[in-house]
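Please open the structure in your viewer and keep the selection tool at hand. The tour below proceeds from one selection to the next.

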Amino acid sequence: MRKGGAAQRAEAGGVEEAAAALAAVKEEDEEEEHESSSSDSGKLYEAYNELHGLAQEFETPFDVPAVLVVGHQTDGKSALVEALMGFQFNHVGGGTKTRRPITLHMKYNSGYVVPVCRLVSDADPAVASRMSLPEIQAYIEAENMRLESDPCQFSEKEIIIRIEYKYCPNLTIIDTPGLIIPAPGRRNRTLQGQARAVEALVRAKMQHKEFIILCLEDCSDWSNATTRRIVMQIDPELSRTVIVSTKLDTKILQFARASDVEVFLKPPACTLDGCLLGGSPFFTSVPSGRVGSASEAIYRSNEEFKKAICLREMEDIVALEEKLGRSLSKEERSRIGVSSLRFFLEELLQKRYMDNVPLIIPLLEKELRSTTRKIRETNQEFRNLDEAKLKEKGRAFHDSFLTKLSLLLKGTVVAPPDKFGETSLDERTMGGPFTGSDSLQLPHKMMPNAGMRLYGGAQYHRAMAEFRLVVGGVKCPPITREEIVNACGVEDIHDGTNYSRTACVIAVAKARDTFEPFLHQLGFRLLYILKRLLPISMYLLQKDGEYLSGHEVFLRRVETAFNNFAESTERSCREKCMEDLVSTTRYVTWSLHNKNRAGLCQFLDSFASSEQYTASTISSAETRLVDLLDSTLWNRRLAPSSERIVYALVYQIFHGIKEHFLVSTELKFNCFFLMPVVDKLPALLWEDLESAFGDDLDQIFDITQLRHSLGRGKRDLEIELKRLQRLKEKFREINEQLSSYLVRDF
């Protein structure tokens with residue numbers, strides 16, 4: 001009877017009077033519907049809201065059904081959320097106005113004629129402070145302003161608000177920051193970075209399988225999939241996505257023909273493919289204007305705002321029917337307006353809630369068992385805080401740590417390479433490259449196993465192979481004529497030239513300058529690889545349950561002792577290698593330095609043949625000897641023959657030093673850097689451990705702080721246990737009620 005009266009008043013008094021009548025009718029119907037089901041569903045929504053809070057607070061694995069609103073900036077997200085709630089609370093307008101996701105736990109309560117809002121504390125999610133709407137608005141605006149000046153610009157942490165109101169649906173809605181389409185170009189790099197940050201945040205939220213995605217599109221042509229493009233990357237079939245075309249009132253004016261409106265209201269399957277949730281899109285309009293007492297406010301109360309929404313809905317229907325030249329069908333009307341969308345979402349979410357009730361109980365039982373086990377383990381930790389047991393745990397950790405180190409050096413695949421392994425390029429970046437005086441590096445692809453992600457002994461072996469490859473390819477630096485003349489000098493007993501000495505002076509200087517930097521680079525690289533064993537060992541200890549959790553002071557002491565040992569061992573080994581390099585470049589021993597006698601003979605033979613005179617000119621051997629001495633010993637004019645002799649000698653001496661340097665350096669690092677990890681580190685760590693036990697044990701294990709930390713953790717676990725028990729009982733009662741309804745209906 002009421003609806004018939006509303007229709008008659010619509011015909012008699014126009015759209016505005018009809019809208020007012022419709023708003024009154026809907027209000028009465030909603031109150032009757034909610035009141036009839038409040039006793040049955042109130043506990044359900046309350047239990048799910050508490051479950052959502054528990055999941056946020058303790059990071060428990062509960063996927064609570066909720067509506068996730070996704071859209072681009074200025075698509076009208078926040079305005080639509082306010083229209084669904086029936087009152088305004090957020091700052092609505094152009095640009096980025098939502099910089100943190102806002103979770104709204106809405107619950108119908110006929111006793112509250114004004115919205116009752118509680119803001120959940122960021123510091124303590126168990127605390128929810130009652131705040132007025134202006135205070136909520138001020139808080140959200142302050143957060144937006146704070147994040148606007150923050151380098152991150154956006155935050156994944158949700159603002160959680162609990163709302164009870166006579167016009168509220170029983171819904172949980174999450175309003176996300178608006179997606180951004182930045183302009184190209186370098187001057188827009190800041191906005192482009194923000195766009196990537198927002199998209200990553202929204203994509204992470206959409207990953208929750210229990211969330212219903214409310215995808216907002218502000219377009220009159222469905223072939224433009226601005227928001228759907230991102231949504232379908234997570235939900236390709238749109239099976240859990242409701243599509244909403246916002247700002248319908250502005251789009252109706254754009255259509256010139258009825259056929260355009262038909263296609264817009266019923267898009268073809270080729271445009272909106274997949275299993276769209278709800279079958280087809282919804283179409284909404286939200287009237288502009290804010291609620292308040294200020295002069296710029298259009299609505300004086302939320303009731304006026306709610307009536308304006310109904311009026312806008314009626315005007316959209318009338319405008320569509322005028323464009324189409326026919327009346328909308330019942331199915332088409334069910335897709336028009338905020339009230340239709342709200343009814344659909346509430347029904348859908350309620351069904352999800354009810355379907356999930358039997359699944360929630362086993363999850364709660366699993367969490368109860370897990371929390372109970374953690375409390376037991378915490379109690380055991382308390383009992384283990386005596387001197388004898390702490391020493392026993394420390395010694396056991398010492399043995400386990402050394403076992404893991406040995407395992408990593410010998411080779412293992414227990415630690416995941418994708419997490420702990422490094423390619424040759426990663427290793428170069430962090431541990432430094434092998435480069436000579438020309439600063440050139442060997443191409444990455446030429447390195448052995450360059451693309452493999454290695455750690456431990458395998459990484460050590462690859463680094464040493466790279467060292468051999470790089471240093472082995474080093475050529476003798478170029479020699480200038482000035483260097484040769486300067487190296488000749490004057491002897492202490494004659495003023496002739498000794499080109500053997502000249503060659504030795506040049507060769508050892510070139511070798512020292514060339515190979516010393518490589519020695520420091522090798523030490524730095526291998527020290528970096530050795531230090532990487534510490535975090536990998538800790539990971540293996542945690543994986544095997546042998547990690548001393550909570551004893552940070554003790555662990556830092558072990559870390560310091562290991563790093564000090566690694567650094568001192570590398571320094572000692574490098575000094576031994578440096579002594580060897582100094583001795584090799586200080587005094588030339590021909591049996592050691594001239595490693596290629598055949599090559600030198602070949603060079604000198606060619607030199608001798610080029611210097612021979614023809615028999616027709618001078619055939620005397622004595623004359624040739626005089627000429628040779630004149631050009632190489634008595635004459636300080638650097639002849640080509642003398643220059644070639646010096647080059648040949650320097651080349652041979654340099655490469656002899658290089659080969660000796662390579663062999664001795666690798667041998668020394670294996671003997672005096674790698675092996676001490678096996679045969680000296682255990683004793684050193686044991687000595688440091690026993691020394692620590694002789695000191696103040698409370699300070700070493702930080703027992704006072706640990707007791708405080710364990711006590712705080714135990715209290716948190718006990719709170720979580722009580723909440724889980726209470727929730728389990730609530731869901732058990734709800735499940736029994738639902739089961740009894742099913743039996744009764746059957």
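Select Asp218, which is partly exposed (between 20% and 50% relative accessible area, with buried under 20% and exposed over 50%, for a 1.4 Å probe and protein chains only), at a relative accessible area of 32%. This is a predicted model, in which local features need pLDDT of at least 70 and side-chain atom pairs count only at pLDDT 80 or more, while totals for chains, interfaces and linings use all residues. Residues are numbered from 1 along each chain as its sequence is written, and side-chain values use heavy atoms, without hydrogens and water.

Now add Lys251, which is buried, with a relative accessible area of 2%. The side chains of Lys251 and Asp218 form a salt bridge, with N and O 2.7 Å apart; the term denotes a side-chain nitrogen of Lys or Arg within 4 Å of a carboxyl oxygen of Asp or Glu. The pair links distant parts of the chain, 33 residues apart: Lys251 lies in helix α6 (residues 248-252), and Asp218 in the loop between β7 (211-217) and α5 (228-234). Helices (H or I, at least four residues) and strands (E, at least two) are DSSP runs numbered from the N terminus. Side chains of opposite charge can pair when their charged atoms come close.

Next, select Glu466 and Arg428, whose closest N and O atoms are 3.6 Å apart in a salt bridge. Glu466 belongs to helix α14 (residues 456-472) and Arg428 to helix α13 (residues 424-431). Both residues are buried.

Remain on α14 and select Arg468, which is partly exposed at 32% relative accessibility. Its salt-bridge partner is Glu666, at 2.7 Å from N to O. Glu666 is found in helix α22 (residues 640-679), 198 residues from Arg468, and is partly exposed, with a relative accessible area of 21%. Then display Glu427, Arg428, Arg462, Glu466 and Arg525 together: salt bridges that share partners join them into one network. How many salt bridges does a search of the whole structure find? The search finds 30.

Finally, turn to the largest nonpolar core, which has 75 residues. Such a core is a set of buried Ala, Val, Leu, Ile, Met, Phe, Trp, Tyr and Cys residues joined through side-chain atoms within 4.5 Å. Select Phe397, Phe401, Phe467, Phe515, Leu526 and Phe669, the members that touch the most other members. Elements that give two or more residues to this core include α14, α16 (499-531) and α22; α16 gives the most, with 16 residues. A second, separate core of 44 residues includes Phe89, Ile136, Tyr165 and Phe344.
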